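Thanks for making time. I will go through one structure this morning and keep to what can be read from the coordinates.

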Amino acid sequence: MIQRVTLPALGETVDTSTIERWLKKEGDPVHTGDILCEITTDKATLEVESYYKGTLLKIVAAERMELPVGALIAIVGDPGEEIPGEILAEAAPATGAAAPAAAAPGPVATAPSATASVVAPVTPGGRVFASPRARRTARELGVALDGIQGTGPGGRIVEADVAAAEAAPAVRASPLARKLAERQGVDLAVVRGTGPGGKVVKADVLARGPAPAPGAVVPLTAMRRIVAERMLTSKQTIPCYYLQMDADMTDLAELRRELNAGATDGKISFNDFIIKACALALKAFPQVNSRWVEGGIQRRAAAHVGLAVALDEGLVVPVVRHADTKTLREIACETADFARRARSKKLVPDEYRDGCMTVSNLGMFGIRNFVPVVNPGESTILGLGVIQDRVVYCQGDVRVRKMMSMTLSVDHRLVDGAVGAQ
């Protein structure tokens with residue numbers, strides 16, 4: 001049966017996406033949940049999964065082609081099935097240079113035929129095949145089925161496989177990471193997983209790939225290209241000044257220790273305190289809570305604070321919305337979830353849009369201070385250094401206190417020096 005695969009909607013503010021790379025080729029078998037291709041938005045690369053089982057009969061959207069949401073990108077059907085001409089007529093040209101978004105008619109399918117992995121449902125007949133007894137045993141033993149190699153018929157996981165995994169735990173890795181590791185000859189046992197629960201994801205395997213030969217040109221990943229474009233735009237168009245200050249974190253460190261004592265629902269980090277403080281500061285200084293737009297300066301009502309998350313391919317900045325109204329515990333749960341999903345490409349574009357300012361922390365690397373680059377569309381970015389014991393003059397005496405250096409990069413078009421200092 002012919003099934004249309006269309007470009008999925010990734011959020012209310014995303015109208016177009018670019019086909020970055022096809023992972024399946026024409027003629028390949030396709031199962032429900034298989035990753036068909038990678039697409040990029042203006043900030044991130046996401047994986048597109050199939051809702052259908054069959055054969056990938058036709059790829060109708062070429063790599064690097066930008067298309068509107070709902071545009072036809074591929075056709076799945078039975079092996080050898082003929083594709084009706086009216087369906088092929090819906091597609092944009094699939095060969096040659098990337099076409100502009102307007103070149104594709106962009107029909108919207110009556111039912112979704114593909115989804116980004118960030119919203120893919122767990123469906124029967126997905127990538128994990130296991131017997132009922134195996135599933136029950138896995139639940140009882142707390143063993144993840146997706147890290148087990150099945151020995152039953154057709155690779156099905158049976159109860160004995162789960163028992164063996166409990167005795168000698170297998171490496172937890174996504175199916176795509178396993179395929180890539182096999183293709184590149186990478187031993188998953190030596191790969192540090194950055195996915196949920198230490199799971200090895202595709203980016204981890206890519207990071208362990210063979211080093212390029214001296215002088216070789218390494219192609220840009222989609223994320224690296226986007227980061228480069230945005231940072232170049234920032235340095236070319238945003239006139240910044242920089243403010244530094246040392247903060248005494250001694251009392252806050254003690255408060256954090258008290259709040260986290262016996263906590264079972266996640267620990268509050270120093271970043272969470274800073275995000276809350278930044279949100280309150282944005283509300284207190286509306287001049288800072290603004291952005292440069294065509295024709296003037298736009299004041300912003302909400303206090304949305306982004307947190308820079310480093311990935312092997314670059315970085316993303318998920319945004320804690322209305323951080324001024326949230327408790328520290330709520331912010332902590334949200335940032336921990338963001339970090340987990342960012343490393344496994346599970347964020348949706350709407351989750352890293354509309355930031356008012358960003359917090360970037362390099363203290364975990366022992367960096368004392370640094371000058372961060374303002375994200376286009378935001379007014380400031382706060383760079384946090386390492387918290388370290390320093391000898392300071394405090395309350396009429398020389399003491400050892402926990403100190404942290406902070407650097408605020410400020411868009412001078414929006415915020416004058418005196419306001420930034422306050």
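I will start with the chain as a whole, then take the sheets, one helix, the largest pocket and a few single residues.

First, a caution: this is a predicted model. The protein chain has ten helices and 19 strands. Of its 422 residues, 47% are buried. If we take contacts between residues at least 6 apart in sequence, 62% of them join residues at least 24 apart.

Now the sheets. One is an open sheet of four strands, ordered S1-S8-S6-S3, and its pairing is antiparallel. The edges are S1, residues 3–6, and S3, each of which pairs on one side only. As a general reminder, strands of a sheet pair through backbone hydrogen bonds, either parallel or antiparallel.

Strand S6 is the one to look at here. It covers residues 54–59, and five of its six residues are buried. Towards S3, residues 29–30, S6 is joined by two bridges, in the antiparallel sense. Valine 30 has glycine 54 in S6 as its bridge partner. Towards S8, residues 72–77, there are four bridges, and that pairing is antiparallel too. There, isoleucine 59 stands opposite alanine 74 in S8.

The other sheet I want to show is an open one of six strands, in the order S10-S19-S18-S17-S13-S16, with mixed pairing. Its edge strands are S10, residues 240–248, and S16, residues 319–320; each pairs on one side only. Within this sheet, S18 and S19, the latter being residues 397–411, run antiparallel and are joined by 13 bridges. One pair to find on screen is tyrosine 393 with its bridge partner in S19, valine 398.

Next, helix H6. This helix runs from 222 to 237, so to speak a plain case: 16 residues, with 22 Å from first C-alpha to last, close to the 22 Å expected at 1.5 Å a residue. Which residues of H6 are buried? They are Ala222, Met223, Arg225, Ile226, Val227 and Ser234. Those buried residues pack against five strands that I will list by name: S2 (16–22), S4 (35–40), S5 (45–50), S14 (309–311) and S15 (314–316).

H6 also brings us to the largest pocket, since H6 is among the elements that supply at least two residues of its lining. The others are helices H5 (202–207), H8 (270–284) and H9, and strands S14, S17 (357–361) and S18 (380–394). The volume of the pocket is about 1100 Å³. It is lined by 49 residues, and the closest to the centre are Ala308, Val309, Ala310, Asn361 and Met364. By type, the lining divides into 29 nonpolar, ten polar and ten charged residues. Which element gives the largest share of the lining? That is H9, with six residues.

Staying with H9, which spans residues 328–343, we find threonine 335 in it. Is threonine 335 buried or exposed? Its relative accessible area is 9%, below the 20% cut-off, so it counts as buried. Beyond its neighbours within four places in sequence, threonine 335 is in contact with Asp272, Ile275, Leu307 and Val320.

Valine 201 is another covered residue, this time in a loop, the one between H4 (175–184) and H5. Its relative accessible area is 10%, so it is buried under the same 20% limit. Not counting residues up to four places away in sequence, valine 201 touches Ser174, Ala177, Thr194, Gly195, Arg343 and Ser344. Valine 201 and alanine 173 are 28 residues apart in sequence, yet their C-alpha atoms are 6.0 Å apart in space.

Last, two backbone angles. Most residues other than glycine have a negative phi. Histidine 322 has a positive phi of about 50°, and it is not a glycine. Histidine 322 sits in the loop between S16 and H9, and at 40% relative accessibility it counts as partly exposed. Aspartate 354 also has a positive phi, near 65°. Its place is the loop between H9 and S17, and at 39% relative accessibility aspartate 354 is partly exposed.

That is what I had on this one. I can go back to any of the views.

Technical notes: Residues are numbered from 1 along each chain as its sequence is written. This is a predicted model: local features need pLDDT of at least 70, side-chain atom pairs count only at pLDDT 80 or more; totals for chains, interfaces and linings use all residues. Side-chain values use heavy atoms; hydrogens and water are left out. Buried means under 20% relative accessible area, exposed over 50%, partly exposed in between (1.4 Å probe, protein chains only). Two strands pair if DSSP finds at least two bridges between them. Contact means heavy atoms within 4.5 Å. The expected span of a helix is 1.5 Å times one less than its number of residues. On a 1 Å grid over the protein atoms alone, a cavity is a set of points where a 1.4 Å probe fits but cannot get out, and a pocket is an open set with protein on both sides within 12 Å along at least five of seven lines; lining residues have an atom within 4 Å of a point. Grid points are joined across faces, edges and corners, and a volume is the space filled by probe spheres set on the points. Ala, Val, Leu, Ile, Met, Phe, Trp, Tyr, Cys and Pro count as nonpolar, Asp, Glu, Lys and Arg as charged, and the others, Gly among them, as polar.
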